[in-house]
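Please find below a short note on the nonpolar cores and helix packing of the model. The points may be read alongside the coordinates.

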Amino acid sequence: MDRTMDGQEGREREKRRNAAYRWIAAGLGAVMILSFFLPYITFVFRGLTYTVSGIQLAFVKGFWVVGPQQSGLVTIPLAVRASIVLGLLCAVGGFVLILLKKPVTAGLLFLLSGISPLLVMAASGAIQTAVTSLNVSQIELQFLWPFFCTLLGGLISSVLALRTQGTERLAESVFQVFACVSIGSVILLTVYIISAGLPAILQIGLTQFLLGESWRPASDIFGILPMILSSIVGTIGAIVLGVPVGILTAVFLSETASPRLAMLVRPAVELLAGIPSVIYGFFGMLVVVPVIRNMFPEHTIGDSLLAVILILAIMILPTIVSVTETSLRAVPAAYREASLALGATQTETIFKVTLPAAKSGILAGVILGVGRAIGETMAVIMVAGNVANMPTLLGTVRLLTTGIAMEMSYASGLHREALFAIGLVLFVFIMIVNLLFNYISKKGVQIHAE
Amino acid sequence: MATKISIQNLDLFYNEFQALHGISLEVPENQITAFIGPSGCGKSTCLKTLNRMNDMITGCRIEGKVTIDGEDIYDPRTDVNLLRRRAGMVFQKPNPFPMSVYDNIAYGPRVHGIKNKGQLDQVVEKSLRSAALWDEVKDRLKKSALGLSGGQQQRLCIARALAVDPDILLMDEPTSALDPISTQKIEDLLDELRGQYTVIIVTHNMQQAARISDRTAFFLLGEVVEFTETKLMFEQPKDERTERYITGRFG
């Protein structure tokens, strides 16, 4: 009897509390909407102060800046405009929906709206750069309190809105939000890479860019075929060397090593994965390169595709070993028993039953290794020689990654955009590798589910 | 009846734990011998000593003597792979390889050096026929064995064991994961194999032991309590513990 009374009372109390949360959230939403119309950012330069409200950021075309030598229109980046408009719309939507008692959607909208000032902040760096390029120094950016109102109001009201659904829904929503953050970053990055890389490709011409054999930024010649081929050959070489070693190490660890020995070897291999790539580069510079130079003194200075392949082969080992070992361990003991009971030796069992049964997992490991090899930059820079030659085993090479890293610090104009375009090509490569990986690992799951 | 397998004073230890105590059994050739007993009594362990599958368990140690056709199988000179080829094993859960039906059967012969396609085809067909599975799978030899039903998979495993031409078949509760109809088929199959192979079957199902075996050994707490003709054991058990177990009054 008492308990039901308590329950009813508890529900009543919760109802009242949720109503309160809803009203507070709605109030904060109203404040957010208002804040877009209040002064947002102050730009200070050359003794002058420009204060811009959120709504102005969205609709004003830009600032006409009169510099000491040159003057120009500093446009407000599209990203800033878009995020302001989106933020405002989301805030209004959230406000309406919370009053209509749709707290989950309202919460998400509030959150999006709260994120928009962060996007503005990120993109306003571009304004600063643009102003600086007009030789106006000492510019300052100040974000004003309405700016933070939007930010905090969005976060708090979204939590409150979701809170009216009870803690369980709140927790679910939080997970959802974090998932959205991850997906959002991927989408953002993809859009950014494409928008940054595509203009240069269009300007240079796709075939000239991808199939051009020489890279001479000074003469505006941008052909990246040597880099593409070097990246591909380097990766294939690393795979050819690293995969057999990695698979056999994994077989040793999971099938034949005594538990005690495996306990020594496994952490050692895993440690390889944790070593920073610049250390691999050191090793390559101080050991691998001189050895190659001494072996073929007539033909090479040491920095070469071969050195790249050797270093990458070592770097992909831990990935291949650990993924392969995991999938070998996942092979049911019954398969091994059945094979041994038929009179097969342990070696026959490993090569004819266990490894084939684990092949989808092993392939997944290899593809992860490919991904790592394609993307590796630092260690490669230190041993590749970095001349954009067509790949030969003992010649110096430049890979896609190193091509970007070598020149990014001083490139400007089309050259800079061409580097972004190389990034786009690299991105497409990695995408393909990852799609392949997903396809194969899904297939693996299907086989086991049968 | 000639003795095929002779176990003399077999003690088996898992590290400190003694799982088998002084087992002595004379298993006659080309008959079906059943091992029965409650769970954990050592019957499967005893079965696995006969093809040395216990070798793979770390900490497993054996004292005593096991001979097949008079040869000590724990002699250091024994070729374990040859032994396992002679003593095929069928496990509790059907465990076909994730390969085609054909490759499952051909696995053993290939491992033992048969490369000739015609010869392999012959072995596959013969083994599948012996396991009464040929008619059901002859049209899907190239399909994955994992697509077969549980009962078919288990008969496939029997066929796979037969394909390396053993003279002993060790079966570790081969029907415990199967439905009654599949069980019936396996029992019929065993009946047909009688007289050609020396079969030892571990079973929890006493009716099964009574139906198919010629001789039965009753295990209890790592010892053989009674080993005699099946008929005798089920009609006139000598030991009181045997009687209590087979009449279901075991406490």
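The points below take the cores, then two helix pairs.

1. This is a predicted model, in which local features need pLDDT of at least 70, side-chain atom pairs count only at pLDDT 80 or more, and totals for chains, interfaces and linings use all residues. Residues are numbered from 1 along each chain as its sequence is written, and chains are lettered from A and ligands numbered from 1 in the order in which they are written.

2. The largest nonpolar core comprises 142 residues (buried Ala, Val, Leu, Ile, Met, Phe, Trp, Tyr and Cys joined through C-beta atoms within 7 Å; buried means 20 or more other C-beta atoms within 10 Å of the residue's own, C-beta atoms being placed from the backbone). Its main contributor is helix α11 (residues 305–329) of chain A, with 17 residues (helices are DSSP runs of H or I, at least four residues, numbered from the N terminus). A second, separate core has 39 residues, including A:Met32 and A:Phe36.

3. The axes of helix α8 (residues 225–256) and helix α14 (residues 359–375) of chain A come within 9 Å and cross at roughly 140° (axes are lines fitted to C-alpha atoms over the stretch in contact, with angles from 0 to 180 degrees between N-to-C directions). α8(A) and α14(A) are therefore oblique to each other (neither under 35, over 145, nor 65 to 115 degrees).

4. Helix α10 (residues 277–295) of chain A and α11(A) have axes that come within 10 Å and cross at roughly 135°; α10(A) and α11(A) are therefore oblique as well.

Terms used
A residue is buried if 20 or more other C-beta atoms lie within 10 Å of its own, exposed if 12 or fewer, and partly exposed in between; C-beta atoms are placed from the backbone. Helices (H or I, at least four residues) and strands (E, at least two) are DSSP runs, numbered from the N terminus.
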